[in-house]
Amino acid sequence: MTNVLWLQGGACSGNTMSFLNAEEPTVCDLISDFGINVLWHPSLGLELGNNLQTLLWDCILGKVPLDILVFEGSVVNAPNGTGEWNRFADRPMKDWLIDLAQAASFIVAVGDCATWGGIPAMSPNPSESQGLQFLKRQEGGFLGKDFRAKSGLPVINIPGCPAHPDWITQILVAIATGRIGDIALDELNRPQTFFNTFTQTGCTRNVHFAYKATTAEFGQRKGCLFYDLGCRGPMTHSSCNRILWNRVSSKTRAGMPCLGCTEPEFPFFDLKPGTVFKTQTVMGVPKELPPGVNKKDYALLTMVAKDAAPPWAEEDFFTV
């Protein structure tokens, strides 16, 4: 039996909603097939008031083994480092987190807010929010750069806004079955099995990307979303087009640009009107290019690709 405790800090509950919709495996599968015991979860837990406080203290004191601590939402330190803006069970949430982190064998940060601080940590960051072990791309965060759980691992980061439900459940299964050692983490402590490729991998619009065939309208099934609508699929590490959402789709397959929500810089834009869903360019060249592509090569490639584009590159190949 693997005990899991799930807490929420400065969160919108989006990752909880995602988690409850997991399919491979489902939340029920976690319990019935993989021996996971959910000690408490904001949407599933039965304990309230004093009973919940007793459970939390029992985890801290070692009376109840805490195998996995899952944290959703940013760590709120305001005002002035006290954490009083985010109280839970009669204490600042950050105080519970300090104590529980020392007792947990594994810690999993779910969603952008828990991993990098997310939207709450955007400047000027009035809530003094942090991720568990990062603040945006800077190592450290709330627990510090050198923190390690009792297993010897750092916080395992599963970013996203929200994170894909199956990323969450599959990592919980890997821990519960003793296979987490087979999963390598990248430099941002993300499981490489989900984050070693770009969102563009598996995108149905790759042929349009190759021939620089663009679309300037949402919901269209033809044309690449990168050149005009600000799609960050070529620069974002995720498996959204390999492990489909609801097993059927993704943002780009639905005709909406990827916003890069698994990267620490999300949201990337200054949020001024007209900047979010528009590719920012300098003399026709996007300000941000896929990794490994320089502007000179890009300009040359664009001319060659457009000249070589076959007529069918502009066609809707989903037509039935």
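This note concerns the annotated cysteine site and the largest pocket of a predicted model.

1. The annotated site. The UniProt record, an unreviewed entry, assigns the feature "binding site" to Cys203, Cys224 and Cys231. These residues span 29 residues in sequence, yet no two of their C-alpha atoms lie more than 11.8 Å apart, so they gather at one spot. Cys203, Cys224 and Cys231 are also included in the lining of the largest cavity.

2. Cys203. This residue sits in the loop that links α7 (192–195) and α8 (206–210). Cys203 counts as buried because its relative accessibility, 12%, falls under the 20% cut-off. Once neighbours within four places in sequence are set aside, Cys203 has contacts with Asn241 and Thr252.

3. Cys224. The loop between α8 and α9 (226–229) holds Cys224. With a relative accessible area of 6%, Cys224 is likewise under the 20% limit and is therefore buried. Residues up to four places away in sequence not being counted, Cys224 touches His208, Phe209, Ala213, Thr214 and Thr215. Of these partners, His208 and Phe209 fall within the range of α8 (206–210).

4. The largest pocket. Apart from the cavity, the model has a largest pocket that holds about 340 Å³ of space. It is lined by 19 residues, of which Cys240, Trp245, Lys251, Leu259 and Cys261 are the closest to its centre. By class, the lining of this pocket comprises nine nonpolar, nine polar and one charged residues.

Conventions
Residues are numbered from 1 along each chain as its sequence is written. This is a predicted model: local features need pLDDT of at least 70, side-chain atom pairs count only at pLDDT 80 or more; totals for chains, interfaces and linings use all residues. Side-chain values use heavy atoms; hydrogens and water are left out. UniProt positions are given in the numbering used here, feature names are shortened, and annotations may be inferred rather than shown by experiment. On a 1 Å grid over the protein atoms alone, a cavity is a set of points where a 1.4 Å probe fits but cannot get out, and a pocket is an open set with protein on both sides within 12 Å along at least five of seven lines; lining residues have an atom within 4 Å of a point. Helices (H or I, at least four residues) and strands (E, at least two) are DSSP runs, numbered from the N terminus. Buried means under 20% relative accessible area, exposed over 50%, partly exposed in between (1.4 Å probe, protein chains only). Contact means heavy atoms within 4.5 Å. Grid points are joined across faces, edges and corners, and a volume is the space filled by probe spheres set on the points. Ala, Val, Leu, Ile, Met, Phe, Trp, Tyr, Cys and Pro count as nonpolar, Asp, Glu, Lys and Arg as charged, and the others, Gly among them, as polar.
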